[in-house]
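User: Could you take a close look at one spot in this chain for me and walk me through what surrounds it? I'd like the local contacts, then how they tie into the rest.

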Amino acid sequence: MKIKLLLFCISLNLHYLCTPKRKINNYLNQMNYSPYFNPELETMSREALEALQTERLRDTVNHCINNPFYAKKLQEAGVTPESITSPADMRRLPFTTKEDLRENYPFGLASVPLNECVRLHSSSGTTGNPTVVLHSQKDLDEWANAVARCLWMVGSRPEDVFQNSAGYGMFTAGLGFQYGAERVGMLTVPAAAGNTLRQIKFIKDFGTTVLHAIPSYASRIYEVMKEEHVDPRHDTKLRVLCIGAEPHSEEQRKRIEENLGVKAYNSYGISEMMGPGVAFECPVQNGLHIWEDYFIVEIIDPVTLEPVPDGELGELVLTTINREAMPLLRYRTRDLTRILSGDCPCGRTHRRIARLQGRSDDMMILKGVNIFPIQIEKILLKYKELGTDYLITLQTENGNDTMTVEVELRQLFTDDYQRLQTLTRDITRRLKDEILVTPKVKLLPKGSLKTSDEKKAVRVVDLRKQF
């Protein structure tokens, strides 16, 4: 078995040599490490993977019977562990929603006694009961393995220095990335959120090579580096950036890569599943591998709740099949994505999802048109004159709904009125072509929009709710 595995890794490395160098970055020069954190699981055949999913789904259903909420749902659906014969049988199971978690707050969805749980994470609960997710020690170990698998996939190795700029409270990205990085064996810098000057000092002094930051904060770090005359390409050792937690366009990712001189890899996590580690890009950067030994994946129409074909945009639904304390069946994430078809050149067999296109509950409806913030961001970031901070405001004026898009300039040129007018008109035209309504575009001086070092960027303010 070991000889076969060795031959497989050698053949895979030869395959990578045929892939453009830009796509594999530092993947092959990491002291002859295997490109896989767990070769057996990451490259298993689809048949073996589906057999594993069937077994784990059956065990999960059996485990969920211990929970009164799921016991009732399963009985109503006529689903028993013995009736599960393939991953497709999952469609007979009931959906679970965020409202279910809130209605059963705090521990009503636990499938083990509370004394077998060692940690909980919770949402802010600003609009009612928060969502609470429980973890056993086994759950935490598996979570660390999943994040380590992601970090290893993008070239992180024990010789690296990993810096985490996420908060270490209830926000899962802090501890999730921390334990995953430690599982890889890296020296970790738990810098936590905020204090950008200190972040930059740590990056320089500690020789940080792998950084985790949400996209808007990665842009903020670069802006402060410029102010402090720090050249990330020459004054730091940064080479890998892990970004996630907020929807962002390909244009924003490319700008971050260009500014910081790194490869930026998209991460997808959701606290109801475990946090970071659900899905991650490989060096090919063509979709995120979603770990199917942990989850069964569905894409559904958010209105009809019926499955959509691969390649079609819909809502991501996930079923946990490797969780002990609080498994969730067919959880509606509200995140919009699609399944990417075809095999990935990296050799991993787990399916890929496209970068998130927003959330079904974040969709704006203006004059009967469905609009997502990421559509607007995609257009704005095509302009070199514009920065990365923007704000979309919806309001009602004289009985009509309007949209105002405020965006910061990269530099001031207020003395060139004609240039500002031309740029404003061009942005307005391109936005109208994309979203089919005409917004008001306002170009603001750099620093006009207040940003936070610790929270996700606020992109939309809907004032129509006040009327």
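Analyst: Here is a walk outward from one threonine, T96, to the parts around it.

Keep in mind that this is a predicted model. For scale, the chain has 467 residues, 55% of which count as buried, and it holds 14 helices and 20 strands. Among contacts with a separation of 6 or more, 67% are between residues 24 or more positions apart.

Now to T96 itself. T96 sits in the loop between α5 (68-77) and α6 (98-103). Is T96 buried or exposed? With a relative accessibility of 0%, T96 counts as buried, because the cut-off for that is under 20%. Leaving out residues up to four places away in sequence, T96 touches Y70, L101, L328, L329, R330, Y331 and R332. With Y70 there is also a polar contact, side chain to side chain, at 2.6 Å.

R332 is a good next stop. The C-alpha atoms of R332 and T96 are 6.3 Å apart, although 236 residues separate them along the chain. R332 belongs to strand β12 (residues 331-337). R332 is an arginine that counts as buried, because its relative accessible area is 10%. Beyond its neighbours within four places in sequence, R332 is in contact with F95, T96 and T97, and also with I300, P302, L305, E315, L316 and V317. Its side chain reaches the backbone oxygen of P302 at 3.4 Å.

From T96 you can also hop to L318. Those two are 222 residues apart along the chain, with 9.5 Å between their C-alpha atoms. L318 is in contact with L328, L329, R330 and Y331, and these four are also among the residues that T96 touches. The other contacts of L318, outside four places in sequence, are Y268, M273, V278, I290, F295, I296, V297 and T333.

L318 also leads into the nonpolar interior. The largest nonpolar core has 68 residues, and L151, Y268, V278 and L318 touch the most other members. Helix α7 (residues 137-153) is the biggest contributor to this core, giving nine residues. A second core, of 24 residues, lies apart from it and includes I379, L380, L420 and L443. As background, nonpolar side chains in soluble globular proteins tend to be buried together.

One more stop is E292, which shares a contact with L318: V297 is touched by E292 and by L318. E292 is in the loop between β9 (288-290) and β10 (295-300). E292 counts as buried, because its relative accessibility is 1%. The side chain of E292 makes a polar contact of 2.6 Å with the side chain of R46. Apart from residues up to four places away in sequence, E292 touches R46, L49, Q53, V297, I321, T349, H350 and R351.

Elsewhere in the chain, helices α9 (residues 196-205) and α10 (residues 215-227) pack with their axes 10 Å apart, at an angle of about 80 degrees. The two helices are therefore roughly perpendicular to each other. On the α9 side, T196, L197, Q199, I200 and I203 meet Y217, R220, I221, V224 and M225 of α10. Sorted by class, that contact has seven nonpolar, two polar and one charged residues.

Note on methods. Residues numbered from 1 in each chain as written. Predicted model: local features only at pLDDT ≥ 70, side-chain atom pairs only at ≥ 80, totals over all residues. Heavy atoms only, no water. Helix = DSSP H or I, 4+ residues; strand = E, 2+ residues; numbered from the N terminus. Buried < 20%, exposed > 50% of the residue type's maximum accessible area, 1.4 Å probe, protein only. Contact = heavy atoms within 4.5 Å. Polar contact = N/O pair within 3.5 Å; in protein donor to acceptor, adjacent residues only side chain to side chain. Core = buried A, V, L, I, M, F, W, Y, C linked by side-chain atoms within 4.5 Å. Axes fitted to C-alpha atoms, helices over the stretch in contact; angles between N-to-C directions. Parallel < 35°, antiparallel > 145°, perpendicular 65-115°, else oblique. Nonpolar A, V, L, I, M, F, W, Y, C, P; charged D, E, K, R; others polar.
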